[in-house]
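Here are some friendly exercises to work through with a protein model on your screen. Try each task yourself before you read its solution.

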Amino acid sequence: AEEDYTTAVKAHATGSSVLKQLKKTAAEVEAIEKEAAQQEKKAAAYTRVSEVANGSNERRITLQRYVLSAILDDVVRAATVRLSRMSSGRYLLQRSEGGEDRRRAAGLELDVFDDHTGSTRSVRTLSGGEMFLASLSMALGLVDVVQDYAGGVRIDSMFIDEGFGTLDTDTLDQALATLVNLKPEGRMLG
């Protein structure tokens, strides 16, 4: 009986030691589970930010496209002033809200408002000469915006490679007048 008692006491001591270790391990597991739950919440937030930044939204616009579209808005505003002058007030550029084709990303397309028809249409529908004027106004608008964003950096020269052959006489005169007006601003054109 004494031998059984001694064995039972040893077993009880071992059991108590194991129970104490199991309680400690259970507390550690509980702390790890709490930490894991907090990390999962953080990961869910980061995952959502990543999804939105990569275009997982109703408009399918990535963060990069969103930022570019904000800059494009500034360029379009500056370009519209010039295009309006070159087209005698007929055309105004605007960024297309797009989204007609839900399979494609939207946000960087351009439309033109035609004052003669009172309607807005894609810039792709412009004639060769009109497209040249729109492109020239976008280039000049881009120069203006880059200078504004760069804070003191000036773009003093610009080279125009083609497009003048597609213009009728009146449009050519308007385009050249716009380019000549850049000279007092200190810009050199080639």
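Before we start, one term: a residue counts as buried when its relative accessible area is under 20%, as exposed when it is over 50%, and as partly exposed in between. Keep in mind that the model is predicted.

**Exercise 1. Reading a strand**

Task: Work out which side chains of strand 1 are buried and which face they point to.

Solution:
- Step 1. Find strand 1, which covers residues 91–95.
- Step 2. Recall a general pattern: in a regular strand the side chains alternate between the two faces of the sheet.
- Step 3. Apply it here. Tyr91, Leu93 and Arg95 point to one face, and these are buried.
- Step 4. Leu92 and Gln94 point to the other face and are not buried.

**Exercise 2. Following the pairing**

Task: Find how strand 2 pairs with strand 1 and with strand 3, and name some residues that stand opposite each other.

Solution:
- Step 1. Strand 2 spans residues 110–114, and five bridges join it to strand 1 in the antiparallel sense.
- Step 2. Look across this pair: Val112 in strand 2 has Leu93 opposite.
- Step 3. Now turn to strand 3, residues 119–122, which pairs with strand 2 over four bridges, again antiparallel.
- Step 4. In this second pair, Asp111 is opposite Ser122, and Asp114 is opposite Ser119.
- Step 5. Check the turn. Four residues lie between the strands of this hairpin, and Gly118 takes a positive phi near 75°.
- Step 6. Ask how enclosed strand 2 is. Four of its five residues are buried, so strand 2 is largely enclosed by the rest of the structure.

**Exercise 3. Exploring the core**

Task: Describe the largest nonpolar core and say which elements contribute to it.

Solution:
- Step 1. This core has 26 residues, and those touching the most other members are Leu93, Leu136 and Met138.
- Step 2. Two or more residues come from each of helix 2, strand 1, strand 2, helix 3 (128–150) and helix 4 (169–180).
- Step 3. Helix 3 gives the largest share, with eight residues.
- Step 4. Zoom in on Leu136. Leaving out residues up to four places away in sequence, Leu136 touches Met86, Ile160, Ala175 and Leu179.

**Exercise 4. Buried or exposed?**

Task: Classify Arg82, Ser88 and Val146 as buried, partly exposed or exposed.

Solution:
- Step 1. Arg82 lies in helix 2. Its relative accessible area is 8%, which is under 20%, so Arg82 is buried.
- Step 2. See what surrounds Arg82: beyond its neighbours within four places in sequence, it contacts Ser137, Leu140, Asp144, Leu182, Glu185 and Arg187.
- Step 3. Ser88 sits in the loop between helix 2 and strand 1. Its value of 57% is over 50%, so Ser88 is exposed.
- Step 4. Look at the backbone too: Ser88 has a positive phi of about 55°, although this residue is not a glycine.
- Step 5. Val146 belongs to helix 3. Its value of 35% falls between the two cut-offs, so Val146 is partly exposed.
- Step 6. As an extra, pick Ala134 and Val146: they are 12 residues apart along the chain, and their C-alpha atoms are separated by 18 Å.

**Exercise 5. A pocket and a cavity**

Task: Describe the linings of the second largest pocket and the second largest cavity.

Solution:
- Step 1. Begin with the pocket, which holds about 210 Å³ of space.
- Step 2. Its lining includes Val49, Val52, Asn57, Tyr66, Arg95 and Glu97. Helix 1 (2–53) and helix 2 (63–86) are the elements that give two or more residues to this lining.
- Step 3. Sort the pocket lining by type: six nonpolar, three polar and three charged.
- Step 4. Move on to the cavity, which has about 30 Å³ of space.
- Step 5. The residues that line this cavity are Leu140, Val143, Ile155, Ser157, Met158, Leu182 and Arg187. Helix 3 and strand 4 (157–158) each supply at least two of them.
- Step 6. Sorted by type, the cavity lining has five nonpolar residues, one polar and one charged.

Note on methods. Residues are numbered from 1 along each chain as its sequence is written. This is a predicted model: local features need pLDDT of at least 70, side-chain atom pairs count only at pLDDT 80 or more; totals for chains, interfaces and linings use all residues. Side-chain values use heavy atoms; hydrogens and water are left out. Buried means under 20% relative accessible area, exposed over 50%, partly exposed in between (1.4 Å probe, protein chains only). Two strands pair if DSSP finds at least two bridges between them. On a 1 Å grid over the protein atoms alone, a cavity is a set of points where a 1.4 Å probe fits but cannot get out, and a pocket is an open set with protein on both sides within 12 Å along at least five of seven lines; lining residues have an atom within 4 Å of a point. Grid points are joined across faces, edges and corners, and a volume is the space filled by probe spheres set on the points. Ala, Val, Leu, Ile, Met, Phe, Trp, Tyr, Cys and Pro count as nonpolar, Asp, Glu, Lys and Arg as charged, and the others, Gly among them, as polar. A nonpolar core is a set of buried Ala, Val, Leu, Ile, Met, Phe, Trp, Tyr and Cys residues joined through side-chain atoms within 4.5 Å. Contact means heavy atoms within 4.5 Å.
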